[in-house]
Amino acid sequence: MKAIVAVNPTARDFLMAAQTRGREQLQDILQIGELTGCIARLAHMLQRERGASNIWLCSSGRMFGDDHLRCIAGVDRELALFRQAIAEPDYLPGSALFVSLACALHYLERLPSLRTLITAQQIQPLQAMEQFNITLRHLLSIVPETSNVVEDAGVARALAALFSFMQGKELAGQERAIGALGFTLGEFSDTLRQQLVDRIDSQQHCFEAFCSMTDSQLRQQFQTCGEPCRETEQLRRMACTRLQHDGDEPQRALRWFALLTTRIDALKEVEEALIERVMAQAQQALGQVLQQRDPDELEIARWVAGHGSHDAERYFDRHLLPLVRQQARQLETMAQQLASLKATLEERKVIDQAKALLIRHQGYSEEQAWQTLRKMAMNQNKRMVDVASAMVSVADIWQIPTKE
């Protein structure tokens, strides 16, 4: 133990060693916060380059040429800063983090060859988008690995909220890229449309998790500037239904990209506030540790009484009860998963009944029935299962059969 220099260490030596380790840990967190900021800025620019690349490719190089070049320059600038941040990684914890860094750098180093293919129009938009997605996935995976050193509950919670938010923001970026592709082409295939719906739903789950872990001030900031606007919702509905060629494809694609960029830039402000919150909490905890003075005999005795008792009750509490609690949490998680699965199956049954009504009485195909329910849900700002349930209820009142 480097902090203990005495030949015959005492209780005071070990207590001071514990305080020193806690101080070092908080100092590590401050450096990790800086690294997280670098990752967030690099991811933000990569997200923008991904969307710009889609428009460039789908328009055969006629649209977004200058914007595409500006995005590349922005990524390269942030990438250089990221490399500086990891040049001396002595403070970084655990081999798992080094693996994440290696994977992220592997894909970041392939960016030049990907850009060459994009510039030469020698890669399909979906393939290019997937390469950006993989790169961003590995880059963002670094953030949760940094939390391995965190023991302070407030800092750990702030990091968890930050990671959930960053995942939601990445899904919003994927939504922008997918929409840019479809609107530029003037059509959304079934696969592309389903990808868009999945990103819309998944980002909502991430932002709900963020809201459950953060304070009211940051929740309010997100709700004020981070929610999609009315025009975005209209374009979403258009994308999720049959988009018709009407000559407005270039303008619609540019408008979509501008609207989603405005939203994602607003999300970036919330993200920066979250990073500042992590840093502030770490600074506060570090300040409290630094104010601690060398312990006297009375303080050592109190510390031992609070942490070093060997009576049976404390032994069981520290060693066996945590295992029991862990098992209880695992059982609770399994019960929740089963309940969630049951609820999902019930919801699917109701939606299938509503689809059967539309197929039987409106002559719709299964795809048309699904799209109709989806559009009704978006127009009414409700979940699809709620709209389907109302439809089935009306059928029950009028005794309309829901099955053949």
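**Notes on cysteines, empty space, salt bridges and two loop residues**

1. C211 is buried, as its relative accessible area comes to 16%. That value earns the label because buried means under 20%. A second cysteine, C240, is also buried, with a relative accessible area of 1%. Please keep in mind throughout that this is a predicted model.

2. How many disulfides does the count give? The count comes to zero. For background, a disulfide is a covalent bond between the sulfur atoms of two cysteines. The rule behind the count asks for a pair of cysteine sulfur atoms within 2.5 Å, so no pair meets that cut-off in this model.

3. Next, the enclosed space. Rolling a probe the size of a water molecule over the atoms shows where empty space is left. Searching the whole structure turns up one cavity of 30 Å³ or more. The volume of the largest cavity is about 30 Å³, so you may want to read that figure next to the search threshold of 30 Å³.

4. Which residues line the largest cavity? They are A40, A43, H44, Q47, L140, M166, K169 and E271. Helices α1 (11-58) and α7 (153-185) each contribute at least two residues to this lining, and α1 gives the most, with four. By class, the lining of the largest cavity splits into four nonpolar, two polar and two charged residues.

5. The largest pocket is the other space to look at. Its volume is about 1,000 Å³. The lining of the largest pocket is made of 30 residues, and D201, R374, K382, R383 and M384 are those nearest its centre. If you want to colour the lining by class, it has nine nonpolar, seven polar and 14 charged residues.

6. Where does the largest pocket sit relative to the domains? It lies between domain 1 (12-296 + 312-328) and domain 2 (340-398), because both give residues to its lining. At the level of helices, α8 (190-213), α10 (230-240), α14 (321-362), α15 (366-379) and α16 (384-397) each supply at least two lining residues. Helix α8 gives the most to the lining of the largest pocket, with nine residues.

7. On to charged pairs: the count comes to 16 salt bridges. One of them pairs R50 with E170, whose closest N and O atoms are 2.8 Å apart. This pair links distant parts of the chain, with R50 in helix α1 and E170 in helix α7, 120 residues apart. Both R50 and E170 are buried. Helices α1 and α7 will be familiar from the cavity, where each supplies at least two lining residues.

8. R115 and D76 form another salt bridge, and their closest N and O atoms are 2.8 Å apart. Here too distant parts of the chain are linked: R115 is in helix α4 (residues 111-119) and D76 in helix α2 (residues 65-85), 39 residues apart. Are the two partners buried or exposed? R115 is buried, with a relative accessible area of 10%, whereas D76 counts as partly exposed at 36%.

9. E175 and R263 also meet through their side chains in a salt bridge, at 4.0 Å from N to O. E175 lies in helix α7 and R263 in helix α11 (residues 249-290), so the pair ties together parts that are 88 residues apart in sequence. Both E175 and R263 are buried. Salt bridges with shared partners join E175, E233, R236 and R263 into one network. A small caution for your own checks: the salt-bridge rule takes pairs within 4 Å, so the 4.0 Å of E175 and R263 deserves to be read beside that cut-off.

10. Finally, a look at the backbone in the loop between α1 and α2. S60 is found there, and although it is not a glycine, S60 has a positive phi of about 55 degrees. F64 is found in the loop between α1 and α2 as well; it is not a glycine either, yet has a positive phi of about 70 degrees. How accessible are they, buried or partly exposed? S60 is partly exposed, with a relative accessible area of 47%, while F64 is buried, with 14%.

Terms used: Residues are numbered from 1 along each chain as its sequence is written. This is a predicted model: local features need pLDDT of at least 70, side-chain atom pairs count only at pLDDT 80 or more; totals for chains, interfaces and linings use all residues. Side-chain values use heavy atoms; hydrogens and water are left out. Buried means under 20% relative accessible area, exposed over 50%, partly exposed in between (1.4 Å probe, protein chains only). On a 1 Å grid over the protein atoms alone, a cavity is a set of points where a 1.4 Å probe fits but cannot get out, and a pocket is an open set with protein on both sides within 12 Å along at least five of seven lines; lining residues have an atom within 4 Å of a point. Grid points are joined across faces, edges and corners, and a volume is the space filled by probe spheres set on the points. Ala, Val, Leu, Ile, Met, Phe, Trp, Tyr, Cys and Pro count as nonpolar, Asp, Glu, Lys and Arg as charged, and the others, Gly among them, as polar. Domain bounds come from an automatic or database domain assignment.
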